[in-house]
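Please open the model in your viewer and keep the selection tool at hand. The tour below proceeds from one selection to the next and states what is found at each stop.

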2 protein chains.
Amino acid sequence: MRQIEVCFSPELIHLHELQGKIVVVVDIFRATTTMVTALSNGIEEIRTFADKESCREMQSQGYLVAGERNGKTIEGFDLGNSPVAFLKKDYSGNKLAMTTTNGTLAISKSQEADEILIGAFPNLSATIQYIQQQDKDVLIHCAGWKGKFNLEDSLYAGALVKSLESTHLSEDDGAMAMKSLFEKEGHQMKQFLSQASHAKRLQNHGIEHDIDICLTLDLFNIVGKVFKGQILKKI
Amino acid sequence: MRQIEVCFSPELIHLHELQGKIVVVVDIFRATTTMVTALSNGIEEIRTFADKESCREMQSQGYLVAGERNGKTIEGFDLGNSPVAFLKKDYSGNKLAMTTTNGTLAISKSQEADEILIGAFPNLSATIQYIQQQDKDVLIHCAGWKGKFNLEDSLYAGALVKSLESTHLSEDDGAMAMKSLFEKEGHQMKQFLSQASHAKRLQNHGIEHDIDICLTLDLFNIVGKVFKGQILKKI
């Protein structure tokens with residue numbers, strides 16, 4: 001049977017072997033949820049940037065640019081880091097440049113993987129189905145919060161481990177712990193996560209609707225994948 | 001109300017503020033359990049060493065020396081890293097030098113704390129009682145396994161967070177997750193942990209009795225504390 005393991009922070013990813021594996025990068029609030037939502041609503045490709053200036057420069061190449069700092073859309077940018085915004089119209093034909101801190105770091109530190117997927121609750125089932133069609137071990141790479149463990153990414157990890165238990169063995173301690181946590185809290189995710197530090201930060205920014213999307217299962221039937229050059233596309 | 005938080009690995013401890021806090025260092029299988037058992041059975045002080053040669057040199061100063069590599073007592077050492085061994089006779093009047101890898105690292109990386117305690121299940125209640133008498137925030141520092149999250153240290157963290165919920169708020173994501181995990185698995189710890197990677201390693205070494213002690217609550221009514229110069233004593 002294939003294996004599944006969890007890494008809770010980009011600061012611990014050097015302890016894991018990535019080669020030959022599918023790495024699922026997770027930044028539930030909100031980077032990976034926004035990416036998956038954008039790809040589901042017409043965005044043809046996404047490039048991610050750690051710094052806002054490199055991101056801004058993509059405007060001259062015809063990209064829409066998206067990003068926030070301290071919860072506010074960066075001045076001159078087309079969009080923030082909100083999945084809701086991408087539901088408001090059809091973005092077919094557009095390309096997107098996004099700047100996020102935790103999410104971009106996790107993607108760039110996953111480059112040795114055989115495949116990198118973008119994980120979010122709204123496309124959980126599609127991601128599971130894709131993974132089960134491959135014959136590869138899985139590593140869930142939680143973006144965390146400034147290097148620390150965070151609750152929402154970890155709970156997603158638990159959901160994925162639980163959903164893959166028929167094909168992927170969780171001998172890894174982190175995978176076992178998160179599977180058990182998801183078994184306990186999965187039926188009341190929003191209530192449980194409302195205590196999470198990041199959810200509290202987001203509530204202060206008045207984006208409850210974003211949180212709803214971030215925690216809703218199977219809105220979209222696409223898989224987000226990172227291709228060479230850190231370009232994200234749907235498959 | 002005071003705060004409680006969890007750090008899952010010495011490799012993440014730089015992300016946490018230690019000053020003014022009680023840091024509880026945890027290495028359930030088996031370093032901190034052995035330390036607490038030794039202090040309960042007469043050992044007057046314990047010094048810890050990352051390397052075996054520095055530890056061995058303490059023999060000339062009259063210390064008993066204890067340590068294992070790959071699950072076997074180091075050649076020429078008086079004891080291994082087994083709590084059971086310290087239950088077999090009264091060690092009153094003896095001092096101990098111990099070499100452990102994960103545990104020593106976690107202690108040495110906790111030096112900025114206001115107080116460092118040694119956490120283990122056999123003295124959980126005594127540790128709780130001591131903490132509740134102080135007016136300080138708490139950080140649980142899991143030694144982990146070669147830098148990674150491990151199940152037994154994390155479950156102890158959950159037990160401590162749960163036990164302190166009347167006095168210490170768990171706003172930290174790691175503390176919340178582990179409290180919930182302990183609520184689910186705490187009544188069947190041995191069964192749950194038998195799947196853990198480290199427990200499997202220990203089973204291969206035929207030390208089931210050690211595991212029993214490591215997971216038994218409140219055998220000892222002492223608190224293990226680290227004093228200047230990394231000397232452990234009971235209080």
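Select strand β6 of chain A, residues 95-99: four of its five residues are buried, so the strand is largely enclosed by the rest of the structure. Here buried means under 20% relative accessible area, exposed means over 50%, and partly exposed lies in between (1.4 Å probe, protein chains only). Helices (H or I, at least four residues) and strands (E, at least two) are DSSP runs, numbered from the N terminus.

This is a predicted model, in which local features need pLDDT of at least 70 and side-chain atom pairs count only at pLDDT 80 or more, while totals for chains, interfaces and linings use all residues. Residues are numbered from 1 along each chain as its sequence is written, chains are lettered from A and ligands numbered from 1 in the order in which they are written, and side-chain values use heavy atoms, with hydrogens and water left out.

**The neighbours of β6(A)**

Strands of a sheet pair through backbone hydrogen bonds, either parallel or antiparallel. In this tour, two strands pair if DSSP finds at least two bridges between them. Add β3(A) to the selection: it runs parallel to β6(A), and five bridges join the two. Glu45(A) has Lys95(A) as its bridge partner in β6(A). Next add strand β4 of chain A, residues 64-69, which is parallel to β6(A) and joined to it by four bridges. Here Val65(A) has Ala97(A) of β6(A) as its bridge partner.

**From β3(A) to the hairpin**

Which strand pairs with β3 (residues 45-49) of chain A in the antiparallel sense? It is β11 of chain A, residues 231-234, and the pairing extends over two bridges. Arg47(A) has Ile231(A) in β11(A) as its bridge partner. Now select strand β10 of chain A, residues 224-227, which pairs with β11(A) over four bridges, also in the antiparallel sense. Phe227(A) stands opposite Ile231(A). Three residues lie between the strands of this hairpin, and Gly229(A) takes a positive phi near 80 degrees.

**Helix α1 of chain A**

Select residues 31-40 of chain A. This helix, α1, is largely enclosed by the rest of the structure, because nine of its 10 residues are buried. Among the buried residues are Ala31(A), Met35(A), Val36(A) and Leu39(A). Move just past the helix to Gly42(A), where phi is positive, about 105 degrees.

**A stop at Glu208(A)**

Glu208(A) is found in helix α10 of chain A, residues 208-214. Is Glu208(A) buried or partly exposed? With a relative accessible area of 42%, it is partly exposed. Select Asp78(A) as well: its C-alpha atom and that of Glu208(A) are separated by 21 Å, and the two residues are 130 apart along the chain.

**The sheet of chain B**

Turn to chain B and display its strands. An open sheet of 11 strands appears, in the order β5-β4-β6-β3-β11-β10-β7-β2-β8-β1-β9, with mixed pairing. Its edge strands are β5 (72-73) and β9 (168-169), each of which pairs on one side only. Strand β1 of chain B, residues 2-7, runs parallel to β9(B), with two bridges between them. The bridge partner of Arg2(B) in β9(B) is His168(B).

**Where the two chains meet**

Select helix α7, residues 173-185, in both chain A and chain B. Two packed helices are described by the angle between their axes and the distance between the axes. The α7 helices of chains A and B pack at an angle of about 80 degrees, with their axes 9 Å apart. That makes α7(A) roughly perpendicular to α7(B), a term for angles of 65 to 115 degrees. Axes are lines fitted to C-alpha atoms, for helices over the stretch in contact, and angles run from 0 to 180 degrees between N-to-C directions. The residues that meet include Ala177(A), Met178(A) and Leu181(A) in α7(A), and Ala177(B), Met178(B) and Leu181(B) in α7(B); contact means heavy atoms within 4.5 Å.

Finally, display both chains together. Chain A is superposed on chain B by a rotation of 180 degrees with 0.0 Å of shift along its axis (RMSD 0.0 Å). That is the relation of a two-fold axis. The superposition is by least squares on the C-alpha atoms of residues with pLDDT of at least 70 in both copies. Which residue of chain A comes closest to the rotation axis? It is Leu181(A), at 2.7 Å (C-alpha).

Definitions and conventions:
Parallel < 35°, antiparallel > 145°, perpendicular 65-115°, else oblique.
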